[in-house]
Amino acid sequence: MSERMQRLAQFCVDTRFEDLPPALVAQAKRHILDTFGATLAGAGSDVAKQARQVFDGEIGSTLIWGTDQRTGAAQAAMLNGVAAHALELDDTGGCDHSGAVVLPAVMSAVSMSGKPVNGRELITAVVIGYEIGRRVLEACGSYSAHNGAGWHSTATCGVFGAAAASARILGLDTAQTVSALGIAGSFSGGLWAFIHDGSQSKKLHSGRAAEGGLLAARFAQRGITGPTKLFDDVWGGFLKTLAGENSQPDALDADLGVVWKLARCSIKPHAACRGTHSAIDALGLLLNQLQVRADQVEDVHVSLCGFLQDMCGGRDVSTLAAAQMSLPYALAARLVHGHCRLQAYDDEQRADPEIAHWMSRIRLEVDLQLSEDGEPVVSLRTVDGRQASLCVDPPLGAPRNPLSDAALEEKFFSLAVRVMPREQAAELLEQLRRIEELESVEALIVPTLRVGMQPRTLRVPKRDAERHKRHSHAERGNDQSTNIK
């Protein structure tokens with residue numbers, strides 16, 4: 001058996017809640033809350049509804065969040081994963097979109113574990129999922145190399161995070177966890193071909209990875225073996241096949257249990273591809289700096305790397321998926337609507353002639369001096385001839401530039417109330433605030449995720465408003481180069 005596979009599996013089995021630094025636990029809770037919010041809103045999206053129709057008539061006991069429907073555990077993992085990523089509101093910086101992959105898989109594993117799973121164990125499994133998914137991506141040469149080659153890492157690498165987290169919830173031993181990770185390699189896949197026509201297949205990737213990871217763990221639980229040399233330099237190995245010359249196998253277990261990968265993940269304030277966020281933030285700051293309104297702007301110039309140009313340089317806004325990947329649209333929406341929240345991407349807003357007008361005044365230019373991981377430089381020119389430039393690094397929502405607790409909870413409410421009464425959303429929020437205290441996450445969380453159910457005793461709705469006012473904007477978490485200890 002490969003030593004690396006053994007070590008990764010042993011980490012999944014041995015890691016305890018007490019091993020997690022308090023700051024990491026706090027960040028994990030924020031990402032769990034954020035993922036539930038994104039999924040609830042996404043449950044009402046066209047692609048989530050269409051995906052649910054595929055499984056109409058399927059019998060099962062696992063809840064599809066934000067609905068009153070239940071289906072099989074694997075199908076629920078897929079459908080909740082699709083909903084989580086459907087509106088581009090889920091977190092980023094892990095596998096890439098770890099929350100949309102890991103949490104749906106974990107909750108489906110909980111539903112079929114056969115024993116109560118407490119909140120501490122849920123948090124631990126989620127952290128493990130983020131850890132393994134990100135480490136596989138870094139072993140592929142990291143985000144720009146792997147995704148630049150045409151692979152969508154949320155799907156290709158996320159399946160390993162889902163497998164690891166599911167294996168932990170299901171109580172797999174080390175040998176079984178090795179098999180689960182090995183089997184996950186055969187379920188890995190996902191391409192960036194959607195970028196050329198704004199197709200919806202990207203939204204399926206997170207769901208497919210969640211489903212594949214859960215199934216990999218379940219197969220391993222039943223004794224089906226997976227390759228133990230999956231990450232070795234062998235013919236048919238994962239890194240040799242998908243990463244080629246970019247592979248960095250040492251990243252799989254370097255500083256394992258010391259540097260926590262969830263600590264580098266970001267929460268998205270804007271309903272668009274994370275690649276657009278820095279430029280959105282920069283444009284807003286430039287408008288404030290120059291004290292101008294949108295109608296006083298002559299044009300906007302963005303200097304960016306080739307990778308970001310290829311990923312987000314499109315100007316097709318005929319579909320929601322295409323618009324959310326478009327940097328020109330994001331900047332036009334920021335000028336016209338003053339924000340890039342979900343409402344700015346509605347059909348009516350995308351068809352607004354003002355949007356087309358401003359998109360014609362936004363110019364993108366590739367700067368060969370910028371690294372593939374570098375953030376863009378935005379330059380704004382006013383009608384009276386003034387000009388200013390700015391690069392925001394890191395953008396809002398990153399660990400070094402985090403959303404406040406108040407802003408995070410406001411985001412959650414704005415999304416959850418799209419499918420449920422605010423009182424029910426408040427009950428879910430209160431349970432997630434104290435998730436580490438819960439004796440059974442299935443009994444206490446899942447009912448509040450179901451639309452149409454009356455919430456149980458509401459403990460804090462009146463306190464919510466005061467809590468929003470009191471939250472500070474202090475930085476939380478660490479960036480990718482910082483260890484949480």
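## A walk from strand β3 to His-205

Start by selecting residues 297-304: this is strand β3, mostly covered, with six of its eight residues buried. Buried here means under 20% relative accessible area, with exposed over 50% and partly exposed in between (1.4 Å probe, protein chains only). Helices (H or I, at least four residues) and strands (E, at least two) are DSSP runs, numbered from the N terminus. You're looking at a predicted model, where local features need pLDDT of at least 70 and side-chain atom pairs count only at pLDDT 80 or more, while totals for chains, interfaces and linings use all residues. Residues are numbered from 1 along each chain as its sequence is written, and side-chain values use heavy atoms, leaving out hydrogens and water.

Keep β3 on screen and add residues 377-382, strand β5: the two pair in the antiparallel sense over six bridges. Strands count as paired if DSSP finds at least two bridges between them. Zoom in on Val-302 and you'll find Val-378 of β5 opposite.

Now add residues 362-366, strand β4, which pairs with β3 in the parallel sense over five bridges. Here the spot to pick is Val-300, with Ile-362 of β4 standing opposite.

Next, jump to helix α4, residues 73-85, where 13 of 13 residues are buried. Try the distance tool on its end C-alpha atoms: they are 18 Å apart, in agreement with the 18 Å expected for 13 residues at 1.5 Å a residue (1.5 Å times one less than the number of residues).

Last stop: His-205, in helix α11 (residues 201-221). Is His-205 buried or exposed? Buried, because its relative accessible area is 11%. Show its contacts (heavy atoms within 4.5 Å): beyond neighbours within four places in sequence, His-205 touches His-152, Ala-155, Gly-190, Leu-191 and Phe-194.
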